[in-house]
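Let's sit down together and learn how to read a model, one feature at a time. Bring your questions, and we will work through them in turn.

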Amino acid sequence: MLIDPAMDFDWTEEQAALRSSVIAFARAELAHDVVAGDAAGAFPRAAWDACGRFGIQGLPIPEVFGGQGADALTTIGALEALGYGCPDNGLLFAINAHLWSCAMPLLTFGSDAQKRRYLPGLSDGSLIGVQAMTEADAGSDSSAITTTATRQGERYLLRGAKTFITNAPIADVFLVFVVTGGKGIARTSAFLVDRDTPGLTIGPPLAKMGLRTAPLGEIALAECDVPASARLGEEGDGGAIFLSSMEWERAGILAGAIGTMERQVEQCIDYARTRRQFGQPIGDFQAVSHTIVDMKLRLETARLLLYRTAWRKSQGRPARLDASLTKLHLSECFVQSSIDALQLHGGHGYLTDNEIERDVRDAIAGRIYSGTSEMQRNIAARILGL
Ligand SMILES: Cc1cc2nc3c(=O)[nH]c(=O)nc-3n(C[C@H](O)[C@H](O)[C@H](O)COP(=O)(O)OP(=O)(O)OC[C@H]3O[C@@H](n4cnc5c(N)ncnc54)[C@H](O)[C@@H]3O)c2cc1C
């Protein structure tokens with residue numbers, strides 16, 4: 001049979017209760033002034049800390065390491081709810097980068113000592129994590145990185161520079177990818193570098209188009225001296241660690257955008273019913289109502305893809321293709337729905353204070369970070385045997 005008759009789309013009672021409590025928490029405690037934060041490029045640390053206390057950063061981390069022990073589907077459902085309740089896409093992005101590209105690789109590849117040292121702080125938000133792969137001449141082609149780690153007895157010296165690193169200006173722990181020798185996928189390794197490590201310099205936040213409440217920065221590593229115990233996994237594990245963390249990240253990083261898209265649809269319906277032109281609500285014009293239907297269709301198809309990928313991750317099934325398709329589709333849907341919402345609100349939508357144009361600026365980044373849309377198509381084509 002082609003379709004599984006037992007297919008179940010219901011959240012369990014616990015999952016539904018968690019989603020409701022996340023929305024209530026976000027509305028009550030994440031009501032900071034995002035317009036001002038966006039204009040100033042200010043990271044909302046108090047909101048981050050509130051998320052940590054609530055348990056957001058620790059959702060998929062086992063309880064023994066200070067987290068909530070939620071599976072992938074429950075985690076992603078909760079992050080969707082967070083996006084619905086909280087309009088600060090930058091905060092959502094900072095949390096997701098921390099979670100998928102630092103905490104999850106640590107959980108998957110870390111030694112017991114590394115997990116005990118870092119995961120409780122990463123789970124409660126008292127530590128902020130980042131992943132540093134991209135370099136000036138190695139973006140889409142991550143195999144071209146030139147930052148090195150040279151072993152000297154029980155220590156390594158790291159030399160090089162990284163750019164476009166989410167959370168770098170505010171981070172406590174950096175998961176840095178470097179060349180250690182070897183060939184192909186075994187050429188790189190990953191190291192956990194603490195903020196105060198001698199030789200690590202962190203640049204100021206880079207000004208950018210959107211996601212301005214999530215600081216982005218550069219780091220330089222000059223004879224940066226770390227113990228061998230800071231290496232994540234074995235020498236040569238860098239490629240495997242990066243692939244694993246990208247699969248998690250591409251599966252989950254845009255969950256919050258589904259919540260945002262749901263809010264956009266509701267807001268557009270409201271506006272289309274109340275804004276009148278030519279003596280009637282603009283929603284009576286088919287051009288307007290069809291735009292909203294297309295937004296709804298995009299939301300629902302993107303949501304189904306997200307849930308299926310999250311479900312596969314929960315089952316421990318391979319999800320590389322699903323994760324790439326999810327990241328590609330959700331990011332493109334988020335851009336289009338944000339543009340549609342702005343257009344539908346006319347001049348009102350173009351004004352910064354009305355908090356509609358910001359979604360367009362925030363959404364565009366989704367087509368670039370975590371591998372561009374073009375690269376997701378390349379990955380999917382390769383997996384399809386092309
Ligand atoms: C908001 C934001 C946050 C980020 N956070 C992090 C982070 O935390 N850590 C980190 O390490 N990096 C981070 N990055 C970097 C991000 O991963 C890279 O920007 C991305 O991989 C693209 O690399 P690039 O910018 O060098 O573009 P390039 O690789 O130079 O690409 C330029 C253009 O060429 C296209 N292109 C390149 N190669 C191909 C190809 N083979 N086929 C088709 N088209 C191709 C690209 O799609 C793109 O359109 C972040 C970037 C942004 C914008």
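What follows is a short dialogue about this predicted model.

Q: Let me start with the overall layout. Which domains does the chain have?
A: A good habit is to begin with the domain bounds. Here the domain assignment gives domain 1 (13-129), domain 2 (131-235) and domain 3 (242-383).

Q: How do I read the contact between domain 1 and domain 2?
A: Begin with the distance between centres, then look at who takes part. Taken over C-alpha atoms, the centres of domain 1 and domain 2 are 23 Å apart. Domain 1 brings 26 residues to the contact, and domain 2 brings 18 residues.

Q: Which elements build the side of domain 1 that touches domain 2?
A: Helix H2 (34-40), helix H5 (89-109) and helix H6 (112-124) each give two or more residues to that side. The largest share comes from H5, with 12 residues. Sorted by class, the side of domain 1 that touches domain 2 holds 15 nonpolar, nine polar and two charged residues.

Q: Now for strands. In which sense do strand E2 and strand E3 pair, parallel or antiparallel?
A: For a strand pair, check the sense, then the bridges, then the turn. Strand E2 (residues 148-152) and strand E3 (residues 155-166) are antiparallel, with five bridges between them. One bridge to look up is that of threonine 150, whose partner in E3 is leucine 157. The two strands E2 and E3 make a hairpin with two residues between them. In its turn, glycine 153 has a positive phi of about 65°.

Q: Is aspartate 8 buried or exposed, and why?
A: Count the C-beta atoms around the residue: 12 or fewer within 10 Å means exposed. Aspartate 8 has 8 such neighbours, so this residue counts as exposed. Along the chain, aspartate 8 sits in the segment before helix H1 (13-29). For a sense of scale, aspartate 8 and alanine 190 lie 182 residues apart in sequence, and their C-alpha atoms are 39 Å apart in space.

Q: Finally, the ligand. How many residues surround the ligand, and which are the closest?
A: Read a shell by its members, then by where they come from. The ligand is surrounded by 21 residues, the closest being Thr134, Gly139, Ser140, Thr372 and Glu374. Strand E1 (129-132), E3 and helix H13 (373-383) each supply two or more residues to this shell. At the domain level, domain 2 and domain 3 each contribute at least three residues. The shell around the ligand has 12 nonpolar residues, eight polar and one charged.

Key. Residues numbered from 1 in each chain as written. Predicted model: local features only at pLDDT ≥ 70, side-chain atom pairs only at ≥ 80, totals over all residues. Domains from an automatic or database assignment. Contact = placed C-beta atoms within 7 Å. Helix = DSSP H or I, 4+ residues; strand = E, 2+ residues; numbered from the N terminus. Nonpolar A, V, L, I, M, F, W, Y, C, P; charged D, E, K, R; others polar. Pairing = 2+ DSSP bridges. Buried ≥ 20, exposed ≤ 12 C-beta atoms within 10 Å, placed from the backbone. Near = placed C-beta within 6 Å.
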